[in-house]
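Colleague: I'm new to this structure and would rather know one part well than skim the whole thing. Please pick a helix, take a close look at it, and then work outwards from there.

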Amino acid sequence: METANEIKSETPVEILFVDDEKNVLQSLKRLCIEDDYSVILANSGEEALEILKNNSNIGLIVSDQRMPAMTGSEFLEKAKEMLPDTIRILLTGYADINAVADAINKGGAYRYITKPWNDEELIQIIGDAVRRYSLIKENKRLQEIIRKQNEELKRWNSQLEFFVQEQTIEIQNKNKELEKFNENLKKNFKNSIFAFSSLIELRDKKTANHSKNVAELSVKTARAMNLSGKEIETITVAALLHDIGKIGIPDALLLREEDEMDKEALREYMRHPVRGQAAIDSIEDLRESGILIRHHHEWYNGTGFPDQLSGKKIPLGAKIIAIADFTDKTIRNLDRDNAIEISLKKVKDKLGTRFDYEIYPYIEASVREVYSKVLQQTGTNMVEMELSVNDIKEGTLLSRDVKSGTGLILLPKGTILNWRNIQALRRYYQLDPSNTGIFVLVKR
Ligand SMILES: [Fe+2]
Ligand SMILES: [Fe+2]
């Protein structure tokens with residue numbers, strides 16, 4: 001940034017004397033010899049105007065009034081238009097009061113000096129005028145510097161604003177990236193949980209979709225009970241993984257019903273809730289769900305396992321999962337007709353002993369919602385057919401799970417086929433071909 005000292009003008013002030021009498025001009029010039037002024041002489045107003053055109057550095061004009069062609073006051077008026085900052089002084093005789101008035105009013109004269117003048121006084125006046133001119137110039141110069149500095153400050157300010165904006169945008173973008181990254185992590189995490197939940201079902205064909213159904217039923221019930229988003233998430237994970245502890249149970253035992261087990265088998269079976277909790281305990285985010293997994297076989301009256309908790313001591317999520325678990329197992333073992341009513345009746349019979357009264361009204365509605373759609377369409381006027389993957393159509397209901405050749409469930413029973421899952425099935429059937437067709441329900 002420029003400073004006031006750096007651009008200070010170095011050139012001496014120029015003075016223009018205008019008079020038609022050469023000897024007057026010479027004596028005026030002589031007067032100024034001792035001072036550091038640069039002096040220019042003109043014999044007429046016209047000549048002086050010519051000089052002004054090419055010389056903007058003139059700080060003081062001293063003009064005689066009485067000159068042929070152009071008078072001093074006329075000349076000063078024109079000079080004022082050309083160089084408004086220049087100081088103007090009129091030299092005049094006693095009688096020229098009108099000329100003086102014109103010179104001051106129209107020509108903006110600073111002073112007038114009467115002829116003949118007093119040398120000392122004139123030198124003094126010239127000195128004052130030059131100082132005045134210098135002050136005006138200096139003032140303008142400083143104002144110019146202030147203006148420039150203000151402009152620069154404004155520019156800096158807007159640049160600063162721009163940088164701040166740029167940085168804000170950058171931070172926002174980073175945030176969005178992080179959010180997306182987080183979303184992906186969450187999605188992967190959920191997918192992993194789904195994958196784990198289907199592991200146990202891969203071994204036990206009877207339980208296909210059990211975890212998924214228990215999760216759906218539990219979530220609907222939890223929503224109906226107005227539980228928080230966080231609680232619902234914990235319940236979802238726990239419901240999907242509630243039987244993950246069964247992975248350690250031998251196949252022979254796993255395939256038996258509870259009431260077919262001998263004492264030792266039952267003891268082994270009763271370990272699965274604690275094993276399930278232990279299996280996921282190393283994942284901090286899943287610990288809350290682990291607690292629900294531990295208690296999904298507790299009974300309301302305190303006779304369940306593993307900790308014989310009762311009533312309000314059993315976590316609410318565990319009590320919801322317990323009813324959902326029982327309902328899904330019961331429904332899948334019943335004939336389609338009246339399966340919902342029968343299973344609900346069985347749940348009702350166990351209220352107060354195995355299950356909590358308070359949850360029943362909420363799970364009742366959820367059970368009807370989750371199972372009615374599938375069961376309705378599996379009514380008596382529908383018949384099961386096996387179709388090739390190329391013959392299936394949109395809107396058809398799957399009557400059995402669709403599995404790949406290696407036994408992975410591609411689509412669960414009850415799914416209504418749409419364009420997208422038909423395309424996916426066709427793709428899978430090429431990668432990992434199944435030896436059966438696709439079982440669907442069609443109208444008789
Ligand atoms: Fe269980
Ligand atoms: Fe279960």
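**A close look at α11 and what surrounds it**

Modeller: Let's start with α11: the elements covering its buried residues include α7, α10 (272–280) and α12. Before going on, bear in mind that this is a predicted model, where local features need pLDDT of at least 70 and side-chain atom pairs count only at pLDDT 80 or more, while totals for chains, interfaces and linings use all residues. Residues are numbered from 1 along each chain as its sequence is written, and chains are lettered from A and ligands numbered from 1 in the order in which they are written.

Some vocabulary helps here. Helices (H or I, at least four residues) and strands (E, at least two) are DSSP runs, numbered from the N terminus. A residue is buried if 20 or more other C-beta atoms lie within 10 Å of its own, exposed if 12 or fewer, and partly exposed in between, with C-beta atoms placed from the backbone. Contact means that the C-beta atoms of two residues, again placed from the backbone, lie within 7 Å.

So which residues of α11 are buried? They are Ser-289, Gly-290, Leu-292, Ile-293 and Arg-294. Leu-292 turns up again if you look from Ile-321: leaving aside neighbours within four places in sequence, Ile-321 is in contact with Val-214, Ser-218, Ile-235, Ala-238, Ala-239, His-242, Leu-292 and His-296.

Ile-321 takes us straight to the largest nonpolar core (a set of buried Ala, Val, Leu, Ile, Met, Phe, Trp, Tyr and Cys residues joined through C-beta atoms within 7 Å). This core has 37 residues, and those touching the most other members are Ile-235, Ala-238, Ala-239, Leu-241, Ile-321, Ile-323 and Ala-324. Elements giving two or more residues to it are α5 (119–203), α6 (210–224), α7 (229–240), α11 (287–294), α12 (316–332), α13 (339–349) and α14 (360–377). Helix α12 supplies the largest share, seven residues.

If you follow the chain from α11 to α12, you pass through a loop that holds Pro-306. Pro-306 is joined to Phe-305 by a cis peptide bond, with omega at about 5 degrees.

Now have a look at α13, another contributor to the core. Its buried residues are Ala-339, Ile-340, Ser-343, Leu-344 and Val-347. Seen down the helix axis they fall within an arc of 120 degrees, so they line one face of α13; the arc is that of the directions from the helix axis to the C-beta atoms. It's a nice case of a general rule: an α-helix has 3.6 residues a turn, so residues three or four places apart point the same way. On the face turned away from the buried side, α13 carries the exposed residues Glu-341, Lys-345 and Asp-349.

The loop between α13 and α14 contains Glu-358, which counts as partly exposed because it has 13 C-beta neighbours inside 10 Å. Glu-358 sits 9.8 Å from Met-225, C-alpha to C-alpha, with their positions 133 residues apart in sequence. In the loop between α6 and α7 you'll find Asn-226, which has a positive phi of about 65 degrees although it is not a glycine. Asn-226 has 8 C-beta neighbours inside 10 Å, so it counts as exposed.

Let's zoom out. Domain bounds here come from an automatic or database domain assignment, which gives domain 1 (14–147), domain 2 (204–377) and domain 3 (379–444). The centres of domain 2 and domain 3, taken over C-alpha atoms, are 28 Å apart. There is also a second, separate core of 29 residues, including Ala-48, Leu-76, Ile-89 and Ala-99.

For the whole protein, count 15 helices and 10 strands. Buried residues make up 29% of its 444 residues. Its C-alpha atoms fill a box of roughly 145 × 55 × 35 Å along the principal axes.
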